[in-house]
Amino acid sequence: MNKKMHETAARLYKIVAKNNNIHKQSELAHVLGVVQQSIVNWEKRGISKQGLLLIQKKLKINPDWLVSGVGNELIIDNPNDGINNQSNIELYGDFFLYDENSLFSGHYVLIPLYHDTYALDAKTGIYRYQFNQSDFKLPCSKELLKKFGVQKENVVCITVAGSSMEPVLKDGSIVAIDTSSKIIKDGRIYAIKQGSLVRIRKLYRIASDVLKISCYNQEDKAYADELVKIDKIEIIGVAFWWSVVQSI
């Protein structure tokens, strides 16, 4: 093994060699269901948080021991001590650790992220329109796109800033927009261009040529509903997925 291997990876190899007769990167990757490059990354930089959860689930190895070298090597459940030692977080479906190599396994596509090109007015929650693609892209599951019937080339992601769409979309949330879907359905979330500004808002059709622009945050008067002529805005697309981020 590489003498410069990260200590968490060294502990992992030690215990899987003893308990599972696993000695190679390829064998470990196969058992865990990840690409071999993920194992290489762990050896160099340490096992990621996602990797620790995966190892706990698949091999019942104690993540605390992998990180610190202290405590039990394996997860131990004692039904008589009244304490549940298992995490209440469960992995959903197949698990893939994302890196530049695992991307090409065919499960993900890269989606452009627009976030650092918006100047936010803290009082109004309005973004100044600079719809330029950043250098950063997000991996997106092909299954997710298939579920919603969205084509990869029609998707962009935007980072939400401010409190206008709370509590549904918090500051820092990421919203995926289908730019091919511009038909207005009352109450759905859209990315719109209004003059020189870009907004994430709910839309309602009030008349054939009139829309109501609405925020979830109705407590702040700065986010009061607006009525506009439909030809005064440009609909960039409809939101079909978003993450919710809670500051700590």
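## How do helix 2 and helix 3 lie relative to each other?

How are helix 2 and helix 3 oriented to each other, roughly parallel or roughly perpendicular? They are roughly perpendicular (the label covers angles of 65 to 115 degrees; under 35 counts as roughly parallel, over 145 as roughly antiparallel and the rest as oblique). Helix 2 takes in residues 25–32 and helix 3 residues 36–45, and the two pack at an angle of about 115 degrees with their axes 8 Å apart. An axis here is a line fitted to C-alpha atoms, for helices over the stretch in contact, and angles run from 0 to 180 degrees between N-to-C directions.

Helix 2 passes helix 3 in a right-handed crossing, meaning that the near helix is turned clockwise from the far one by less than a right angle (anticlockwise would be left-handed). On the helix 2 side, the contact uses Q25, S26, L28, A29 and L32; on the helix 3 side, Q36, I39, V40, W42 and E43. Contact means heavy atoms within 4.5 Å. Sorted by class, the residues of this contact are 6 nonpolar, 3 polar and 1 charged. Nonpolar covers Ala, Val, Leu, Ile, Met, Phe, Trp, Tyr, Cys and Pro, charged covers Asp, Glu, Lys and Arg, and the others, Gly among them, are polar.

## Ground rules and the whole chain

This is a predicted model, in which local features need pLDDT of at least 70 and side-chain atom pairs count only at pLDDT 80 or more, while totals for chains, interfaces and linings use all residues. Residues are numbered from 1 along each chain as its sequence is written, and side-chain values use heavy atoms, with hydrogens and water left out.

The protein has 6 helices and 11 strands. Both are DSSP runs numbered from the N terminus (helices are H or I with at least four residues, strands are E with at least two). Of its 248 residues, 40% are buried; that means under 20% relative accessible area, with exposed being over 50% and partly exposed in between (1.4 Å probe, protein chains only). Among contacts with a separation of 6 or more, 56% join residues 24 or more positions apart.

## Helix 1 and its partners

Helix 1 runs over residues 7–20, and its 14 residues reach 19 Å from first C-alpha to last, close to the 20 Å expected at 1.5 Å a residue (the expected span is 1.5 Å times one less than the number of residues). Its buried residues are T8, A9, R11, L12, Y13, I15 and V16. They pack against helix 2, helix 3, helix 4 (49–59) and helix 5 (63–68).

The axes of helix 1 and helix 3 come within 6 Å and cross at roughly 120 degrees, which makes helix 1 oblique to helix 3. A9, L12 and Y13 of helix 1 make the contact with I39, W42 and E43 of helix 3. By class, that contact has 5 nonpolar, no polar and 1 charged residues.

## What helix 3 buries

The buried residues of helix 3 are S38, I39, V40, N41, W42 and E43. Their cover includes helix 1, helix 2 and helix 4. Just after helix 3, G46 takes a positive phi of about 100 degrees.

## Backbone oddities in the loops

Two residues other than glycine are worth a look for their phi values. N21, in the loop between helix 1 and helix 2, has a positive phi near 55 degrees and counts as exposed at 56% relative accessibility. K60 sits in the loop between helix 4 and helix 5, with a positive phi near 60 degrees, and is partly exposed at 44%.

There's also a cis peptide bond between E166 and P167, with omega about 10 degrees. P167 is in the loop between strand 5 (155–159) and strand 6 (174–178).

## W242 and Q218

W242 is in strand 11 (residues 233–242) and is partly exposed, with a relative accessible area of 32%. Leaving aside neighbours within four places in sequence, W242 is in contact with V168, L169, I174, V175 and I189. Its C-alpha is 6.9 Å from that of S173, 69 residues apart along the chain.

Q218 is in the loop between strand 9 (210–214) and strand 10 (226–229), and is partly exposed at 48% relative accessible area. With neighbours within four places in sequence left aside, Q218 touches Y223 and D225. The C-alpha atoms of Q218 and S164 are 8.3 Å apart, with their positions 54 residues apart along the chain.
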